[in-house]
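I opened the notebook for this chain with a short list of local features to look up. The entries follow in the order in which I took them.

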Amino acid sequence: MVSIAPKPPAPFSQAELLRRRGDLRDAAFAAGVETVLAYGANRFGSSIGWLTTWPVTREAVAILDRGGPARLLVGFPNHVPQARRFLDEAVPGDETEPLDADLTTQTMRALARGGPARPVGLLGPVPSALRDAVRSWATRVVALDTAYTRIRMTKSAEELAWIDYAAALTDQAGHALLEAAGQGATESEMVAAAEASYRRCGGVHHICYLSVTDMAAPDRCVPGQWPTDRRAVPGHALVFELSAGWGPDYPGQLLRTATVGAEPSPLYARLHTVAEAVRDQLLGLIRPGAHPADLMAVLDLVTEAGLTIVDDLVHGLCGGYLPPVLRGGRRPDGLHAEPLRPGMTLVVQPNICTPDLTAGVQTGELVAVTQTGWRRIHQFPAGLRQVPFSPSGVR
């Protein structure tokens, strides 16, 4: 099993968190607002964790006034003690209170405590009742999601350190997954093996998509999102997409194809050859200033081979599912069309399939855009893997 970094990266510094808040405040001020209200629920709403380090659990609201501390309203009173510890260790002076009243009422009271009616910028999936209340109170309401997303598209040195460690955990999980496949595990057992490998190190689960299928009669072209009881046996192909995280917002991402106890069939060998050619051509185009639309030219390789693609070709990651998201048949626009910048983290993931979508492979991983090109974040071996079959470890 691959060894991971000797120790986890340091927690985010107070300077890092204050820089983030400053960047967001600057974007808000440029949009004509001085107060930001961010909302998240059910582990969704990345801006709250980015601003305060508190990962959203049931429900949370963060209020950020220009120059003042962050004020965090936390769903479920039993979650407040840990949220308080998170904030005390991150930026002392931030305020935390339980969301123990009606969400809209309590949030509006918190806004009013910050001063009279004023312009407000909204972030995240704000519920309609709260959105309407803010609109009726504020002198102006502005959506800040696009500005926030643009900020999150590039990573700081501290964020990249977290991502590097998450990639090491993901690589470790990839080895555990292949080991389980070689022992004849079911898809569910492979997921359990992968997740256990990083959970013991403090990593968090992001995704583990996989499929096994008979290379002689395939019926899967992409990794499945929900594992089944299908068991790996000799002659199967295994396709997986795996992400372990260091903190919920900073995952690695690894995509690979392997064969179990057999050489790849001619079909799978050909599919993977095309996938590697697309991957290599994509990587050759990644550099600062490159336009995402230019990366789409690699799809000519797929068309010329008489094959197709189901999944995204490229997407940003870490801080959300970020631009540029590149898919066949759609020309990038908006944030997705902006030139690449140093500090971006992109998943290069060609998924090459037969036209009838019965067979497919995937290869690629998360990479970082540098000042001169790109760098690998993962250390997992490239190529079409062949896993020896030894079922003695199963059951």
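Which residues are buried in α8? Working on a predicted model, I found Glu 187, Met 190, Val 191, Ala 194, Ser 197 and Tyr 198 buried there. I then looked down the axis of α8: the buried residues fall within an arc of 130°, so they line one face of the helix. An α-helix has 3.6 residues a turn, so residues three or four places apart point the same way.

I next looked up what covers the buried residues of α8, and noted that the cover includes α7 (157–182), β7 (204–214) and β8 (236–245). For the helix itself, I recorded residues 187–199, 13 in number. From first C-alpha to last, α8 reaches 18 Å, close to the 18 Å expected at 1.5 Å a residue.

I turned to the backbone. Which peptide bond is cis, with omega near 0°? I noted the bond from Pro 323 to Pro 324, and placed Pro 324 in strand β12 (residues 322–326).

I also entered two residues with positive phi. Phe 76, not a glycine, has a phi of about 70°, and I located Phe 76 in the loop between β3 (70–74) and α3 (80–90). Cys 318, likewise not a glycine, has a phi of about 80°; Cys 318 lies in the loop between β11 (314–316) and β12.

Is Cys 318 buried or exposed? Its relative accessibility is 1%, and I therefore entered Cys 318 as buried, the limit being under 20%. Phe 76, at 41% relative accessibility, I entered as partly exposed.

Terms used
Residues numbered from 1 in each chain as written. Predicted model: local features only at pLDDT ≥ 70, side-chain atom pairs only at ≥ 80, totals over all residues. Heavy atoms only, no water. Helix = DSSP H or I, 4+ residues; strand = E, 2+ residues; numbered from the N terminus. Expected span 1.5 Å × (residues − 1). Buried < 20%, exposed > 50% of the residue type's maximum accessible area, 1.4 Å probe, protein only. Arc of directions from axis to C-beta. Contact = heavy atoms within 4.5 Å.
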